[in-house]
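User: I should like a close look at one part of this protein, described in connected prose. Please begin with the question that follows the display.

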Amino acid sequence: MIRRFTSWPVMMIVLLLITGLACNFGGGEQPDEEPTEVPVSVETEPTEAPQVEDLPTDTPVPVESNAVSSLEELESAVIQIVAEGSFIDPEFGQQLNTAGSGSGFIIDEEGLAVTNNHVVTGAALLKVYVAGESKPVNARVLAVSECSDLAVIDLDGGDYPYLEWFDDPISTGLEVYAAGFPLGEPQFTLTRGIVAKEAGDGETWWASIDKVLMHDAIINPGNSGGPLVTSDGQIVGVNYGVYNDNQYMAIARDEALEILEQLKAEKDVTSIGVNGSAVYDDSGITGIWVASVDSGSPADRAGIKEGDIITKIEGLVLATDGTMADYCDILRSHSPEDVLSLEVLRYESSEILEGQLNGQLLAVAESFAAEVEEQIGEDFGQSGVAYEGYVEVWDDTGALVMEVPTEWSVDLATEPLLDDNGEYLSSVIEAASNLDDFWSTFDTPGVAFYASDVLVENYNVGSLLDELAGNYDACIYDGRYSYDDGVYVGEYDLYVDCSDVNSVIIELAAVPADESYITYLVIQAVSDADLDAMDHILDTFYVITD
């Protein structure tokens, strides 16, 4: 036990001395006799420092925390983010020096904050307003996830109030509050609702998220990146979009935390450095529209620019379902350093560019049709009228898919080809306005597409072309040429000046990199429009090996 310094006798002496001093100072009469000595027994302090084991261990030490614990404190940890930069909108075109606004929230007292990728990626400058202050705080982006639509930013300064994550299970009916700064206004808003669905579908045109919370706490543009919290101000999700008039979406806590740990370590996740969204236009063009590009990112190094449409990665046509799903699945299936083939439509010039992520720079690709036109010269068929559009067609086995002119989808053959014993030989798609005329005349355009994992056992591309060469006595055989579209490699035979209509026929045999199957296509073109269709078919034909 630690003894106190002053004992009871010592206290008496101190009181007597004080009393005497007060009397002397006050000028009172002095006593005649000498003061009587009072024997005092004084306890001395120990000369050694107390041992650690003698200290009390059951007394809690109070620790100050900046963690928010109520809705009243919530505004202090929710931020408004103004992102300034130049963007290209698919509807409104180029937007120079434009400011977009979103929300976010602070997750530690040092100033780390969470928001959406689409709020910050591609911005030249971020202005962050904390706790309703009129003077912005500078911030830098640490890392982003395009597909999960998350970003972590670091605010200048420190000692910030911050939000903590809700620890309990998140269940349907949980009361929640959406906080943020909607519509670009500086006033903090808070709306109340409940969790309507614990695991909603997160596949959208701007993100691809496995699990989202559906709720009815109203959010508006500008709420993106703001927190969805409990009545104690604890985070259950990150608001990121509107599902319909009465349902809103938040990235669920468990999905967000897994990604945020990597972002806090300054590691991008499922990202190439674009602020993009899935698009589909009336002409059948699908892909990922690039609104802005992060400087120094893989996309920037490949030569992707604002306003581009990424139409293919690794030969897979993107956004055919109107979502980011295919794009994000490809990124999740590869490491950030992998070399991936790219096809990009430069929308403003209608140029098709080919290149690689982490590899060759994008360059204008000479189209297959242009190559054929160069080979056959100017004396070719008819000028023709451009086709109205393209439709996706599948074979009966679900293994083959391609896009053909709408006019060619009138007559289709999609049943598999069988051998003489009734055994499977090849999957098939044949398409034309009239298949009988396609096969028997030279004036009806169309296409036949076959793929087989049986024939590849006995033929390579050259021997298959030799075996299946058509009887084209009315045509001039121009030669055999190499073919490589980044997915399939092979050869094609070119026949020109067919009959009096000067039509063109190609017979193409090609294999994928693993040579697990062989493809064979026959395309007949009668006009320039058919050559454009040939390009489109060769861009979209694909075999689903699963």
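Which residues does Ser452 touch, not counting residues up to four places away in sequence? Please then describe the open sheet of three strands as well.

Analyst: This is a predicted model, in which local features need pLDDT of at least 70 and side-chain atom pairs count only at pLDDT 80 or more, while totals for chains, interfaces and linings use all residues. Residues are numbered from 1 along each chain as its sequence is written, and side-chain values use heavy atoms, with hydrogens and water left out.

Ser452 touches Tyr424, Leu425, Ser426, Tyr517 and Ile518, leaving aside residues up to four places away in sequence; contact here means heavy atoms within 4.5 Å. Ser452 belongs to strand 25, which covers residues 446–452. Strands (E, at least two residues) and helices (H or I, at least four) are DSSP runs, numbered from the N terminus. With a relative accessible area of 1%, Ser452 is buried; the term means under 20% relative accessible area, with exposed over 50% and partly exposed in between, for a 1.4 Å probe and protein chains only. The side chain of Ser452 also reaches the backbone nitrogen of Leu455 at 2.9 Å.

The open sheet of three strands has the order 20-21-30, with antiparallel pairing. Two strands pair if DSSP finds at least two bridges between them. Strand 20 (390–394) and strand 30 (542–543) are the edge strands, each pairing on one side only.

Strand 20 runs antiparallel to strand 21, and five bridges join them. Tyr390 stands opposite Pro405 in strand 21. These two strands form a hairpin with five residues between them, and Gly398 in the turn has a positive phi of about 75°.

Strand 21, residues 400–405, is joined to strand 30 in the antiparallel sense over two bridges. In strand 30, Val543 is the bridge partner of Leu400, and Tyr542 stands opposite Val401. Six of the six residues of strand 21 are buried, so this strand is largely enclosed by the rest of the structure.

Helix 9 (residues 528–540) lies across strand 20, strand 21 and strand 30, and runs at about 160° to strand 21. Such axes are lines fitted to C-alpha atoms, for helices over the stretch in contact, and angles run from 0 to 180 degrees between N-to-C directions.

As for the setting of these parts, the protein has nine helices and 30 strands, and buried residues make up 46% of its 546 residues.

How values were computed
A polar contact is a pair of N or O atoms within 3.5 Å; within protein, one must be able to donate a hydrogen and the other to accept it, and residues adjacent in sequence count only if both atoms are side-chain atoms.
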